[in-house]
Amino acid sequence: MKKYLVPVDGSINSEIALKTAVDLAEKTGASITLISILDSDTFLTNNHIGVSTSEIIEQNTENIGVLLDNLIDTYNDKNIKFEKKITTGNIANEILAESEEGYEMIIIGSRGLTTLKRTFLGSVSNKVVNSSRISTLVVKAYYNNDFSHILVPVDGSTNSKRAAYIASDLGKLYDSELTLLNVITQLQVPDVRGVDFGVVQDYYPISTKNSENLLNEYAKSIEDYPNKMILQTKIGNVADAILETADEQEDNLIIIGSKGKGAISRAFMGSVSNAVIHHTKRSVLVIK
């Protein structure tokens, strides 16, 4: 059985992430594990006069247990198996450690409680996305997460091929319109008089043709997709083109590979996925 790991901290965004996980689990038959972590850094830095650390942990564990029970009760009419885990430690590290226990996906909210904690949980989700060995869905609260419009940036890499397959599977479950996007990097050509840059003038026509061929290959690999599929090529900065396309089409889910092709491209694609997550209001599924 598939298993989804959902970090919970009592914030609106974590509850929206849980709702999204429940919707997905209903469609896939997956179980859900709720994990809540008592931040050890807080206990080490805060002074609690007359109260021992063990007493603080005990009280907070009890409170969190009630929170998790209430959240599970909210979905008691769903045919979903729930588990709950409460641990103490560094939040991101504990999520990553638990994710090694046979989960298919981490589903996490992008923001937590209060202004300070919003920034903190943002860094948590960032570390989880970058360090996890499994795919991570970062759920945003700005849009309805019905995943009716899915955008998949593709570049020919193994992870982007996996992203396309997963997008096809999800799209069938959600009856989604699916867009495959390939971005041609814009050339920065110096303006030097008397110098013939030769092949540069052919760069965009050749790259556009290659992009069309690449997109057609992807479309053929998921040719059984029953819903509308759009193939699109853009020229420009990769992250900006992804964000612009998502805005233009009002997509509500972006599925992106965490790494591209080759050592340099792997690092580059990682920076692209981070930029997309940080600057979009849409949910992002990062494929590992």
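Begin by selecting strand β2 together with strand β3 (residues 82-89) in this predicted model: the two strands run parallel and are joined by eight bridges. To find one point of reference along this pairing, pick Leu34 of β2, whose bridge partner in β3 is Lys84.

Stay with β2 and select the whole strand, residues 31-39. Is β2 enclosed or not? Nine of its nine residues are buried, so β2 is largely enclosed by the rest of the structure. Colouring the strand by face shows that both sides are covered, since buried residues are found on one side at Ser31, Thr33, Ile35, Ile37 and Asp39, and on the other at Ile32, Leu34, Ser36 and Leu38.

Next, add strand β1 (residues 3-7), which pairs with β2 in the parallel sense over five bridges; here Leu5 has Thr33 of β2 as its bridge partner. If helix α1 (residues 12-28) is now displayed as well, the selection of β1, α1 and β2 makes up a right-handed β-α-β unit.

From α1, move on to helix α6 (residues 158-174), where the axes of the two helices come within 11 Å and cross at roughly 90 degrees. An angle of 65 to 115 degrees counts as roughly perpendicular, and α1 and α6 are therefore roughly perpendicular to each other. Showing side chains at this crossing brings up Asp23, Leu24, Lys27 and Thr28 on α1, which make the contact with Leu170, Leu173 and Tyr174 on α6. Coloured by class, the contact of α1 with α6 comprises four nonpolar residues, one polar residue and two charged residues.

Conventions
Residues are numbered from 1 along each chain as its sequence is written. This is a predicted model: local features need pLDDT of at least 70, side-chain atom pairs count only at pLDDT 80 or more; totals for chains, interfaces and linings use all residues. Side-chain values use heavy atoms; hydrogens and water are left out. Axes are lines fitted to C-alpha atoms, for helices over the stretch in contact, and angles run from 0 to 180 degrees between N-to-C directions. Helices (H or I, at least four residues) and strands (E, at least two) are DSSP runs, numbered from the N terminus. Angles under 35 degrees count as roughly parallel, over 145 as roughly antiparallel, 65 to 115 as roughly perpendicular and the rest as oblique. Contact means heavy atoms within 4.5 Å. Ala, Val, Leu, Ile, Met, Phe, Trp, Tyr, Cys and Pro count as nonpolar, Asp, Glu, Lys and Arg as charged, and the others, Gly among them, as polar. Buried means under 20% relative accessible area, exposed over 50%, partly exposed in between (1.4 Å probe, protein chains only). Two strands pair if DSSP finds at least two bridges between them. A crossover is right-handed if, with the strands pointing away from the viewer, the path from the first strand over the helix to the second runs clockwise.
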